[in-house]
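Open the model in your viewer and keep the selection panel at hand. We will go stop by stop, selecting a region and looking at what is there.

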Amino acid sequence: MNKHTRQEIFERLRAANPHPTTELHFSSPFELLIAVLLSAQATDKGVNKATEKLFAVANTPQAMLDLGLDGVREYVKTIGLYQTKSKHIMQTCRALLEQHGGEVPQTREELEALAGVGRKTANVVLNTAFGQPVMAVDTHIFRVANRTGLARGKTVREVEDKLMKYVPKEFLLDAHHWLILHGRYTCKAIKPQCQTCIINDLCEYGAKETAA
């Protein structure tokens, strides 16, 4: 795929959705961090349902610690892997207070040092909370990048590195959200919506002629 095609893809995605953002509900970097921690192997809808009640009673590291492990568990028990995630939340809140003055750090290294925070989670927080042009590659972005030919790679990191290299700079800040939303609602794993896709003619997906 050449750079002119990539440019056109993102121009169309931007025209259709000029201000994309995460579907997770949050009102501070801390709330976003907790929401993303909870979102692994869970839907944004399910996370939002739990955090709406959780953040109403605890939306700072100290308030979360005051709630206690059992208290946090009670609010997030509808989410997959909630036992482990609850422990990570407590450990992360403690680290934020002890090492960062209760604030969410703004570097990938410091974020990844927090319990339960991997590269993808760190990138989501850096991009969405702090406006840094980084790429958090999830299953949707991995699929879209490979399927369309935008940035093919065998690993998540390979796709991330290629996207950072190939996505035109003017689109880099929002590219993460456009690609996730495209993968979630159009370029789905099963039955991709090729017939209604706004970048169909630019895509290199071999099976699109037979896709429903």
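## First stop: helix α8

Select α8 (139–148): eight of its 10 residues are buried, so α8 is largely enclosed by the rest of the structure. Buried here means under 20% relative accessible area, exposed means over 50%, and partly exposed is in between, with a 1.4 Å probe and protein chains only. Helices (H or I, at least four residues) and strands (E, at least two) are DSSP runs, numbered from the N terminus.

Colour the buried ones: His140, Ile141, Arg143, Val144, Ala145, Asn146, Arg147 and Thr148. Now add α9 (156–166) and α10, the two helices that these buried residues pack against. Contact means heavy atoms within 4.5 Å.

Two notes before moving on. This is a predicted model, in which local features need pLDDT of at least 70 and side-chain atom pairs count only at pLDDT 80 or more, while totals for chains, interfaces and linings use all residues. Residues are numbered from 1 along each chain as its sequence is written, and side-chain values use heavy atoms, with hydrogens and water left out.

## Second stop: two domains

Next, give one colour to domain 1 (3–20 + 135–202) and another to domain 2 (29–130). These bounds come from an automatic or database domain assignment. The C-alpha centres of the two domains lie 27 Å apart. Their contact takes 11 residues from domain 1 and eight residues from domain 2.

Then select residues 38–185, where UniProt (unreviewed entry) places the feature "domain: HhH-GPD". UniProt positions are given in the numbering used here, feature names are shortened, and annotations may be inferred rather than shown by experiment. Over residues 38–185 the chain is 68% helix and 0% strand, and the end C-alpha atoms are 21 Å apart.

## Third stop: the largest pocket

Which residues lie nearest the centre of the largest pocket? Select Ser39, Ala40, Ala42, Asp44 and Lys120, which hold that place among 31 lining residues. The pocket holds about 630 Å³ of space.

As for the terms, a 1 Å grid is laid over the protein atoms alone: a cavity is a set of points where a 1.4 Å probe fits but cannot get out, a pocket is an open set with protein on both sides within 12 Å along at least five of seven lines, and lining residues have an atom within 4 Å of a point. Grid points are joined across faces, edges and corners, and a volume is the space filled by probe spheres set on the points.

Show the helices that each supply at least two lining residues: α2 (29–39), α3 (44–57), α5 (82–100), α7 (119–128), α8 and α10 (172–185). Of these, α10 gives the most, with six residues. Each of domain 1 and domain 2 provides at least three residues of the lining. By class, the lining has 10 nonpolar, 14 polar and seven charged residues. Here Ala, Val, Leu, Ile, Met, Phe, Trp, Tyr, Cys and Pro count as nonpolar, Asp, Glu, Lys and Arg as charged, and the others, Gly among them, as polar.

While you are here, pick Gln41, in the loop between α2 and α3. Gln41 has a positive phi of about 55 degrees although it is not a glycine, and it counts as exposed at 72% relative accessibility.

## Fourth stop: four cysteines and a cavity

Select Cys187, Cys194, Cys197 and Cys203, where UniProt (unreviewed entry) places the feature "binding site". They are spread over 17 residues of sequence but cluster in space, with a largest C-alpha distance of 10.7 Å. All four belong to the lining of the largest cavity.

That cavity holds about 70 Å³ of space. Of its 13 lining residues, His182 and the four cysteines are the closest to its centre.

Zoom in on Cys197, in the segment after α10. Cys197 is buried, with a relative accessible area of 17%, and it touches His182 and Thr186, not counting residues up to four places away in sequence. Cys194 is in the segment after α10 too and counts as buried at 9% relative accessibility.

## Last stop: Leu114

Is Leu114 buried or exposed? At 4% relative accessibility, Leu114 counts as buried. Look for it in the loop between α6 (108–112) and α7, then show Leu33, Thr92, Ala95, Leu96 and Pro105, which Leu114 touches when residues up to four places away in sequence are not counted.
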